[in-house]
Structures are given as C-alpha cells and as structure tokens.
Amino acid sequence: MGDGAVSELSRIALQRADLFRQQCFINGKWTGDPTHAVHNPATRGLIGHIPNLGRTEAEAAVAAAEAALPKWRAEPAAARAKILRRWNELMLKHQQDLARLMTAEQGKPLAEAMGEIAYAGSFLEWFGEEAKRVYGDTIPAPSSDRRIMVLKQPVGVVGAITPWNFPTAMITRKVGPGIAAGCTVVLKPSELTPYSALALAVLAEEAGLPPGVLNIVTGDAEPIGRVLTEDPRISKFTFTGSTPVGKKLAAQCAGTVKRVSLELGGNAPFLVFDDADIEAAVAGAIISKFRNTGQTCVCANRIYVQDGVYDQFARLLAEKAAALVAGDGLAGVTQQGPLINERALQKVEAHVADALGHGAKLLTGGARHANAGTFYQPTVLRDVAADALLTREETFGPVAGLVRFKTEEDALRLANNSRAGLAAYAFTRDLARSWRVSEGLEYGMVGMNTGLISTEVSPFGGVKESGIGREGSKYGLDEFLNIKAVFVQL
Ligand code: ADP
C-alpha cells in the first residue's frame, strides 16, 4: 500500500477498522490476494485493493452456496428472520462506519450514505418478517376424492450482480429476500464499490449467518458473470445495472432456463402541469434529479413542463440547482458528490453539448468543476429539443433538461415515447388528472406529487426494457420462491 492508500483510509476514520476488508468472502472464509486497486472518485486517491478473482473462485463459491442450501432452507423462517434482524441492528450500530466507507468509494454525500445504510438495512428486517408469512394455498378440487395444495419453496442457489450507485442497498434488496426465503447466494458487487459489500459480510457473519449462505466474489466481471448465469447449480439470477449488460446476462441465463430478475436503466419523465404546486414540483425535481448526483435509475431524466408555468419553473429550478454545494462527500456540507468516473463525466458532457447544439439554453452549470475529482456542476437547460440525446438516453448525471408541452395528451405521448419504463413523476393538483396520468404512464412506478419513491414496503421495478420482476414489498419475496402444486388422491 502506498501513501495515498494510508491517507484515504485515515480520512475514512473507521471506528471499527475490521469493517474494511480487502479479501473476498467464500464459505465463511476471507480469501484472495488484493491486487486490483479501488479509488475515491472525489479525490482520485487510492483506498486499497481487492482480489481479482475469476471462474475458478466463482465456481468454488457456487459449490459453497450449494452445500449450505439444505440446512439453510430447512431452518424455520423465524430463525432466519432473527439473523436478518440482528444483521440490520448491526448495520445501524455501525451506520457511521458503513456510510463513511461508502462515501469514500462511491462519492455520495455522507448524509445520503447514512440514509442508504438505514434504507439497506430495512430490507433485511422487512424480508425477515415477510418470510414468516409465506403462506401456501388449498384449492377446491374438481372431484371429491382429490385434494390440491400449493406450497412455496425457496428457488435454491441465487447468483446476484449489483452496481455501484447504491453499493449497499442494491445488495440487501436482493440478498435480504433471498436469504429470508431460504436461498443461498453468490454475489458479485461492482468492482468500483466493493468495500461496502465486504463490510456487509463482516456483519452478516457476526449476526450469525452460517458459512456458505452468503458468498462474495470480486474480480473479473465477464468470467464471474458467466458462472452466475450459466452454472446449472444456480437456479435464479438477479441483476441490477445497465440495460445492455442486463440483456446480455439474461441471454446467458437462457441456456439453463434460470429464473431471472432484472432491474435495468430508466429514462424517467417528470411532468409538471399548469395546475401543479410549483414550489413542490421544484423541490421534487431537485430531489429526483440531483440525488446521488443524478446517478440513480429513477432520476428524472426528461422534465416536461406545461406552457403556463414553464418560465417560472425553469427560473426556480435553476436557482435551487445553482445553490447545491458540491464537494467531497466526507465534508459535512456537501450535497453533490463526484460522478463515479471519467467515462460518466464524458457522457454528461456529450449530452449537454448535444442539447446546446440543438438550441437549448443554459440556465446554470454546464461545465466540470475546477477540482481533482470527477465533478460536474449541477446544470439546468431550458428549451431542450424533444428528441435531444438528453431525452432519449439516461444521462446519469446532474443535468436537468426542460422541454415545453401544451396538452396532457402531448405530455403522456412524450413521456411514453421510450423503451424504458422504470419510474415516472407528475405534479398536478387536479385529482382526476392525477388518476388519468398515473394510469396512462407506461412505467413500473409513478411518483405523483413526489420525487421520492423508494421504500422497502413498496414494489420497485420496471416494465418494457427496464426490467423483469419486483424488489422490495410483499412481491419481492415471490422472486425467490417456487410454486409447487401437490395433488392428493384419497
Ligand atoms: P454501469 O455502466 O452503470 O457501471 P454495468 O451494467 O456495467 O453498469 O455494471 C453493473 C454490474 O454489472 C457491475 O457489478 C459490473 O461489474 C457488472 N458487469 C458489467 N459487465 C458485465 C459482464 N459482461 N458480465 C457480468 N457482469 C458484468
């Protein structure tokens, strides 16, 4: 480790130094040589290293998960729930350490990281409780000498791949229901944010999770991904990440007909009608657009504003965006962290250049920050062309592009003109319109008069090319359960 690593680590200032692990977690053992470097996007400083594992180690992890399965699925739901609850309690006990680690490797402001740890832990507790309510059915049979019952059973070994934008919550949202249902898991976290994942494993072990129930493999995405999607010992594959990678992995799953859940990219429309509470709409747009520096799959990506309030909304949004404080997330005042890497920064620059080239006007921002990290200024553009890159692709950065519309029909047509279908938002005070628009939006989730739609009790997921399946809520457990019909002849 060089000096850079020492200084990044000392800035994180963990109260419990053993939460920082530079090895993988397979079959309850810490393993692998740390060779792959991990950097802080705010400073570009080196945090540490992780193992660069591949097919062999991924297969060993699958073997461990397979071996742990019979005992784990035979445990009563209450016993599994107890471990999940303890795990959540440990996450909350070490919330500050977990959040600081996350901010260092991901860049988000510490307050957001603290929020994510609580949100992430909530999935463990929620699904532990839900697992106690995995009810079957009895079905009236077509003849009096037969009985029909429906059992719900864990699918088996689960393969999971998670992204860097919510390094902890995207893991617990999969691992929580999987483990609660009685499955065992092999997880590959993003190589950009591995330390959040590895710290979770420390606490899982402490909570009493038996060896092999959760295995974490870091390294080369392609070969590890091949094992998780193609190995016949894995029954279910769950992925959160970009749409192109998700499609490729889903195709890889076809050979062994795995159950598949995908949570892919969005391109969220945000509609503001003339009859909206404009202050609330601006506040909703700020939270939806700029949370995590615009790097969430449910971030408002296209903001459609009706004629009558367009100028007022544009002015207020630009004022609020310009006031956001950007900087190192570990500094308490920061509201905007860096983008995850240089590639993300270049995409944002390309989207802004394209919009300006097609007649958009810059109200605030529009450039990189003058600092070491991968920062881009919170940006608002008005008069963006309806077919600009900014509206067609997910920008994944702090850029709000405003498009004007005239009628409700126009707004719905523009909003639905996308192959993505994850989240959509609308602001109106007209009750009938709120119903028409909620029902008319071809999306998995609608925020009506709110920019915040994520909680463990509500189903999260998309339609069209944004995904398959739901995470969170009572529906989230179904993804990890098989339905079995049992016929009895009397
Ligand atoms: P992003 O572009 O936002 O980083 P990705 O879809 O590339 O999103 O990454 C999400 C997760 O998918 C990460 O854990 C990443 O390592 C993983 N990943 C990327 N490419 C592959 C691949 N070919 N096979 C398996 N996993 C992959």
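Q: What counts as a pocket in this predicted model, and about how much space lies in the largest pocket?
A: A pocket is an open set of grid points with protein on both sides within 12 Å along at least five of seven lines. The model is predicted. The space in the largest pocket comes to about 1,200 Å³.

Q: Which elements give two or more residues to the lining of the largest pocket, and which gives the most?
A: Four elements each give two or more residues: H8, strand S10 (234–240), H9 and helix H12 (342–357). One leads, with five residues. That element is H9.

Q: How many residues line the largest pocket, and which lie nearest its centre?
A: The lining has 41 residues. By class, 15 are nonpolar, 14 polar and twelve charged. Nearest the centre are Gly241, Ser242, Thr243, Pro244 and Val245.

Q: Which pocket matches the space taken by the ligand?
A: A molecule sits in a pocket if more than half of its atoms lie within 2 Å of the pocket's grid points. The ligand's space is the largest pocket.

Q: Which residues come nearest to the ligand?
A: The ligand has 16 residues around it. By class, this shell holds seven nonpolar, five polar and four charged residues. Those that come nearest are Thr162, Trp164, Lys188, Glu191 and Ser242.

Q: Which helices each supply at least two residues of the shell around the ligand?
A: Two helices are listed for the shell. One spans 221–230 and the other 243–253. They are H8 and H9.

Q: How far is an oxygen atom of the ligand from an N or O atom in the side chain of Ser242?
A: Polar contacts here use a cut-off of 3.5 Å between N or O atoms. For the Trp164 side chain, the distance to a ligand oxygen is 2.9 Å. For the Lys188 side chain it is 2.8 Å. For the Ser242 side chain it is 2.6 Å.

Q: What percentage of the ligand's exposed area does the protein bury?
A: Taken alone, the ligand exposes 550 Å². The protein covers part of that area. The buried part is 81%.

Q: What is the volume of the second largest pocket, and which residues are closest to its centre?
A: The volume is about 270 Å³. The lining has 18 residues. Closest to the centre are Glu116, Tyr119, Phe166, Arg291 and Ser454.

Q: Which helix supplies the largest share of the lining of the second largest pocket?
A: By class, this lining has seven nonpolar, five polar and six charged residues. Helix H5 (110–130) and helix H6 (169–181) each supply at least two. The largest share is four residues, and it comes from H5.

Conventions
Residues are numbered from 1 along each chain as its sequence is written. This is a predicted model: local features need pLDDT of at least 70, side-chain atom pairs count only at pLDDT 80 or more; totals for chains, interfaces and linings use all residues. Side-chain values use heavy atoms; hydrogens and water are left out. A residue is near a molecule or strand if one of its heavy atoms lies within 4 Å of it. A polar contact is a pair of N or O atoms within 3.5 Å; within protein, one must be able to donate a hydrogen and the other to accept it, and residues adjacent in sequence count only if both atoms are side-chain atoms. Accessible areas come from the Shrake-Rupley method with a 1.4 Å probe; for residues, only the protein chains shown count as cover. On a 1 Å grid over the protein atoms alone, a cavity is a set of points where a 1.4 Å probe fits but cannot get out, and a pocket is an open set with protein on both sides within 12 Å along at least five of seven lines; lining residues have an atom within 4 Å of a point. Ala, Val, Leu, Ile, Met, Phe, Trp, Tyr, Cys and Pro count as nonpolar, Asp, Glu, Lys and Arg as charged, and the others, Gly among them, as polar. Grid points are joined across faces, edges and corners, and a volume is the space filled by probe spheres set on the points.
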